[in-house]
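Me: I have a structure open and would like to go through how its labels are justified. Could you take my questions one at a time?

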Amino acid sequence: MEATDIGLWGVPLAMLGGAIRVSTPFIFVSLGEAITERSGRINLGLEGTLVFGAMSAYAVAVMTGSPWLGLLAAAVAGLCFGLFHGWICKFPKVNDIAIGIALMLFGTGLAFFFGKPFIQPSAPDLPAISFGAWSDVPQVQAALNVNVLFLIGAALAVFLWWAFRNTRIGLIVRVVGDSADAARAMGLNPNTVRLMATGVGGALAGIGGAYLSLYYPGSWTERISSGQGLMAVALVIFARWNPLGCFAAALLFGGAGALGPALQSVGVTQGYYLFYAAPYILTLIIMIATSSPSRTLAGAPGELSITK
Amino acid sequence: MADTVSGPDVRTILDAGGYRAALEWIARRAEAFVIPIAALVVGMVLFSLFILAVGKSPVQLYETMWRGGFGSWFSIQNSLSRGAPLLLAALCVALPARLGLVVIGGEGAIVLGGVAAAAIGVALNGAPSFLVILLMGVGGVAAGGIWIGAVGALRHYRAVNETISSLLMAYIAIALMNHLVEGPLRDPASLNKPSTQPLADIYRIGNIPGMEVHWGLIVGTLACVLSWLLIEKTRWGFAARIAGGNVRAAQVQGLAVGPLIVGFTALAGGFAGLAGMLEVAAVQGSANGSLAAGYGYTGILVAFLARHNPLAIIPVAILLGGIDASGGLIQRRMDLPDATVLVLQGMLFIVILFSETFYGRFKLFNPDLWQRPDFLKGNV
């Protein structure tokens, strides 16, 4: 593909393409975190889960030749991390935020430990579907080359949005998240529900990591995630624990992350590192704008420690 | 109840004599000492299992670790050097923690403190050394203090969660450093590793006489002692502890919670910024990417291990400094990845946090259940 000169139109196009490419891990981690937080617990360890998921997906894909087995491995690894977080946090006086930080450190450490031999070999990529074939412009084709995981993530967001409102399991998770006492009165065990919710959240974060190493940027390095797992936590708050909001916010973040490379591609190289900080600055501004000292956030689960 | 008691209760008399207070003091100290040590041991045992599972010898590993961290005067000095920035980085976590805040973005304050110090040192080239070094310190403290102080202000005045905002700000700080070091402040002579211009030799901070350890160790230790005095012996520390227990209660008491939170977080960030300044002035000689070496993150572990007690930070930082220092030797001698140390730290961190659940659970540490010594029984 040769670049056609389309001038400054390249910037919004590159940002759109970037948004679709970069947002997928955000979609999965934030949907997972939305489930966990809706059940009243917060898992900051998803950053470590993401990195470990990326490593295990890559390692399994290299060894078996199948990216789908890699994806499965990442989901299972994420599930284990999530279940561990859910189990350890049920003990009294154990702080879920601090345990999350510890698991972040531990997951990253384990990923670096076992990932060392996989920095060199190359793994098969996850497939992408080209929606841009109608266009002659290579930039359009590149921007509309959409990975299947993005589509799955979009579908999952819609499904979760529906499931939280309309299914029994969705109701159970919301009740436990809003009031553990009410849940106990209904005969539910909050710890079990939270354990499951944290496990599912971890599995989704693992899948988000697999996307990083198996599609974009598409290789395993120790710098593969720069806080995506944590930004996803902030993103969930911004999205008010609404799965559809998570999807939209993830696209916004992806677009912000693509700003630097997009500007660079049309020759703007000044302040490259500052543009690199754009998603973090955006997250911070959004958190400042949406937080308020006088009221709790609309839609916040009542048991969630981070919004109290 | 009172009607049925004819004479003075034994406990009341004992209390009056301070005996029970003393017992409680001993029990609390014993608990605060035994539980973390036991957690450390459990963490090391779990790590041994991990090392066994990957087919290496834990005995050899701990032996190597000891040799690399504390086995010789050389390695002890190495551990002390690495522990020095951890002292300050841990204070950045421990001070806000007394107010109930979980600040984990100290890395950002370290990085910006280092950049500010380097910029001042280069800009004032030619001025008397004591003045420049002093101003570099002030600049480092100010940069870090503003950065983390802002986290505290956002927390109090806008209810922005401090854990996430401090971490986001750490990423922003690192991007800012990269921008400055690659652009406006770059020394054209630094080709492979973009850096600011090197500090003149007279602005470098030397070693403690007779040791290969820079003055940062003394500065960090002093900072810990002063922080302990601040928390335990001043009215601000007392107010902070009340606010940390219950913000509402503190406000009802008329405490100025806002300034207290901003002040404590700014001080915490100032210490981290000072760590950055020391890295530049004593170790690197210029500001560059090495400033983001992860001291801020290891500092979180140190602070939690020390249970946010500034005095306990001193030995814990040196212990963790030793573990860090032994990483290279483990890598060379045992053919293990350098991330081995990170795995150990993660395991220790989890076990330490888990051990919180055991406080107040053991009869061993409850003076009510201790038997009264015989010699007191006949006295009443």
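Me: Thanks! Why is α4(A) said to be largely enclosed by the rest of the structure?
Reply: Happy to help, and please keep in mind that this is a predicted model. Buried means under 20% relative accessible area. Of the 20 residues of α4(A), 19 are buried, so the helix is largely enclosed by the rest of the structure.

Me: How do you know that the length of α4(A) agrees with its number of residues?
Reply: At 1.5 Å a residue, its 20 residues should span 28 Å, and the end C-alpha atoms are 27 Å apart, so the two agree.

Me: What makes Asn95(A) a cap for α4(A)?
Reply: A side-chain oxygen of Asn95(A) lies 2.7 Å from the backbone nitrogen of Ile97(A), at the N-terminal end of the helix. A polar contact needs N or O atoms within 3.5 Å, and the 2.7 Å distance fits that.

Me: Why is the pair Lys116(A) and Asp338(B) called a salt bridge?
Reply: The cut-off is 4 Å between a side-chain nitrogen of Lys or Arg and a carboxyl oxygen of Asp or Glu. Here the N to O distance is 3.0 Å, so the pair qualifies.

Me: And why does this pair join two chains?
Reply: Lys116(A) sits in the loop between α4 and β1 of chain A, while Asp338(B) sits in the loop between α13 and α14 of chain B, so the salt bridge joins two chains. Lys116(A) and Asp338(B) are also linked with Glu222(A) in a network of salt bridges.

Me: Why is Arg155(B) called partly exposed but Glu162(B) buried?
Reply: The partly exposed class runs from 20% to 50%, and anything under 20% is buried. Arg155(B) has 22%, so it is partly exposed, whereas Glu162(B) has 4%, so it counts as buried. The two form a salt bridge, with their closest N and O atoms 2.8 Å apart.

Me: How do you know that Arg241(B) and Glu232(B) still count as a salt bridge?
Reply: Their N to O distance is 3.9 Å. The limit is 4 Å, so this pair is within it. The whole structure holds 9 salt bridges over all chains.

Me: What makes the phi of His308(B) worth a remark?
Reply: Phi is positive, about 60 degrees, although His308(B) is not a glycine. His308(B) lies in the loop between α12 and α13 of chain B, and at 15% relative accessibility it counts as buried.

Technical notes: Residues numbered from 1 in each chain as written. Chains lettered and ligands numbered in written order. Predicted model: local features only at pLDDT ≥ 70, side-chain atom pairs only at ≥ 80, totals over all residues. Heavy atoms only, no water. Helix = DSSP H or I, 4+ residues; strand = E, 2+ residues; numbered from the N terminus. Buried < 20%, exposed > 50% of the residue type's maximum accessible area, 1.4 Å probe, protein only. Expected span 1.5 Å × (residues − 1). Polar contact = N/O pair within 3.5 Å; in protein donor to acceptor, adjacent residues only side chain to side chain.
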